Amino acid sequence: MNQSGWRPERPQAGEGGAVTYTGNRALMLEEPLIFEIGDERTTGVDLAERSAVPSRLGSLVRSRPIGLPGLSEPETIRHYTRLSRQNYAIDLGLFPLGSCTMKHNPRLNEKLARLPGFADIHPLQPVDTVQGALGVINELAVWLIKLTGMHGVAMSPKAGAHGELCGMLCIKAALEARGEGHRKVVLVPESAHGTNPATAAFAGFTVENIPANAEGRVDTAALEARLGPDVAAVMITNPNTCGLFERDMKRISDAVHAAGGYVYCDGANFNAIVGKVRPGDLGIDAMHINLHKTFSTPHGGGGPGSGPVVLSEALSPFGPLPYTARTDDGHVHLVEEGNAEAFSREHFDGAVTSFGRMTAFHGQMGMFTRALTYILSHGADGLRQVAEDAVLNANYVLRSLEDVLDAPFAGSGPCMHEALFSDDGLPEGFSTLDIAKGLIDEGYHPMTVYFPLVVHGAMLVEPTETESKAALDQFIGALRSVAERARAGDAGLKTAPHFAPRRRLDETQAARKPVLVWKEAPLAEAAE
Ligand SMILES: *Cc1c(COP(=O)(O)O)cnc(C)c1O
């Protein structure tokens, strides 16, 4: 292997141990960038000698080699396999990222998503040739409506944030249809995920914050006091990002509706209440569902998201095209721009009021298949059990660690599916970051840190329902040990991680001055 230009930051073999020749530590292999090991003069395939055609694009002639690294097939496979071993993954261990719902992805879902009838079709195929796939989309839509007690659903949004945008565009269209497009203010609680205010602003609204009360829930009185003729909507996460159920949701919805606004619910945490609570019963007008969270489709480097939005009766007419509809003859129609009017004339009141389109085609087919498989394989009782076990596991983590880590809302009663801690009470000089880095040495991906913003030094732990008690106990033991080291003032924790391929990075520098392009050209050097 050509290793010119390979200058690994030779890691120590262990605390006080020797430097290794290779930079590897036992079977933990160092891996340089592909540009550092590849060579323009080598290639994995034998191409026929090309004739002397100048390398040009129109009138532009290439002035220097393109500089692509060439590697043989085994070199290429090793490069990417070595890199892949440096990833932490849900298939390796517990992934405590709060708000992200990193749960096991059942292999049954994968098997069904790979069936050729789902995996090998094309969105431009004639509708009659893809009735099975459209049937899956339609069946999942029916389930999502049933589970949420809503009226309609837009399946095409491709992530939670995309679903938020879809929901807010429905609200905007509904307001404009009523001649109330002047309502521009969207109220968002302080604890909201950053995507909520970003979405509202992107959709052309002005964002105003609503404070939280001492319990970590929305300050209902402050919210009600702010309602008025300029308010378009509120965006509320329920369960909220402090891991608490917003008990006053129905009262809030009633107040917002009475004041002429709409209620958007961020449904990213639906996994805590699926099968237990129907958002439609709480007066919600629009809510996205992250299939990649609640319904276990892979995410976090493992797959694309999918964020269908369930809609109330008031908002459904404004939902995006295309949508699927099954008629009594069993045929699944794909209602798009070309046929929407005719379809509406035949089946509805004839008016097409859709705000438009979110995506080129129909959404994330592979995720639909996985999510429907998950729903059908769990059944109604199984889904309820998912919510109960997710909540039970989070409370187990909360109560097992509240003696060593500050738990700001532990006094507000049981948490939902995630346990919130803070760095309050750690000795001077120790913070959430040290706890997170210490967990890396223990072999865990850190929990979500510094979110939600309403809690200083927040640590949000979401174990999900797919972890066994043994796995939870080991994680709790690891986090307890790291917390105790911080409390004892262990200076070693300030420089953790010690066992990772890279030590503590300058994250401020990385954020302010990211190096996004590989600059060095060892080949040019070698040629000179
Ligand atoms: C994950 C999440 C989102 C955004 O969802 P994406 O699918 O990542 O776009 C929004 N709100 C909350 C509370 C979330 O946890």
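How do the residues of the shell around the ligand divide into nonpolar, polar and charged? Keep that in mind while you find your way around; what you have open is a predicted model.

**Stop one: the ligand**

Select the ligand and show what surrounds it. You should pick up Ser-99, Ala-159, Gly-160, Ala-161, Glu-164 and His-193, along with Thr-195, Asp-266, Ala-268, Asn-290, His-292 and Lys-293. Colour them by type and you have the reply to the opening question: three are nonpolar, six polar and three charged.

Now go for the polar contacts. Pick Ser-99, where an N or O atom of the side chain sits 2.7 Å from an oxygen atom of the ligand. Move on to Gly-160, and look at the backbone this time: one of its polar atoms is 2.7 Å from a ligand oxygen. Ala-161 also uses a polar backbone atom, which is 2.8 Å from an oxygen of the ligand.

Switch on a surface here if you like. On its own the ligand has 380 Å² of accessible area, and the protein covers 86% of that.

Which elements give two or more residues to the shell around the ligand? Select helix H6 (160-177) and helix H10 (291-294), and you have them. H6 provides the largest share, with three residues.

**Stop two: a hairpin**

Next, select residues 323-326, which are strand S10, and residues 332-335, which are strand S11. They run antiparallel, and four bridges join them. For one pairing to zoom in on, try Thr-324, whose bridge partner in S11 is Leu-334.

Then follow the chain through the turn. Five residues lie between the strands of this hairpin, and Gly-330 has a positive phi there, near 90°.

**Stop three: a three-stranded sheet**

Go on to the open sheet with the strand order S12-S14-S13, where the pairing is antiparallel. Why is one side of S12 and of S13 left without a neighbour in the sheet? Select 419-421 for S12 and 448-449 for S13: both stand at the edges and each has a single partner strand, so one side of each has no neighbour in the sheet.

Add residues 459-461 to bring in S14, which is joined to S13 by two bridges, the two strands running antiparallel. Click on Thr-448 and you'll find Leu-460 of S14 opposite.

**Last stop: the helix across the sheet**

Keep the sheet on screen and select residues 365-401. This is helix H12, which lies across S12 and S14. Turn the view until you can compare directions: H12 runs at about 30° to S12.

Methods. Residues numbered from 1 in each chain as written. Predicted model: local features only at pLDDT ≥ 70, side-chain atom pairs only at ≥ 80, totals over all residues. Heavy atoms only, no water. Pairing = 2+ DSSP bridges. Contact = heavy atoms within 4.5 Å. Axes fitted to C-alpha atoms, helices over the stretch in contact; angles between N-to-C directions. Near = heavy atom within 4 Å. Polar contact = N/O pair within 3.5 Å; in protein donor to acceptor, adjacent residues only side chain to side chain. Areas by Shrake-Rupley, 256 points an atom, 1.4 Å probe, with all protein chains shown as cover. Nonpolar A, V, L, I, M, F, W, Y, C, P; charged D, E, K, R; others polar.
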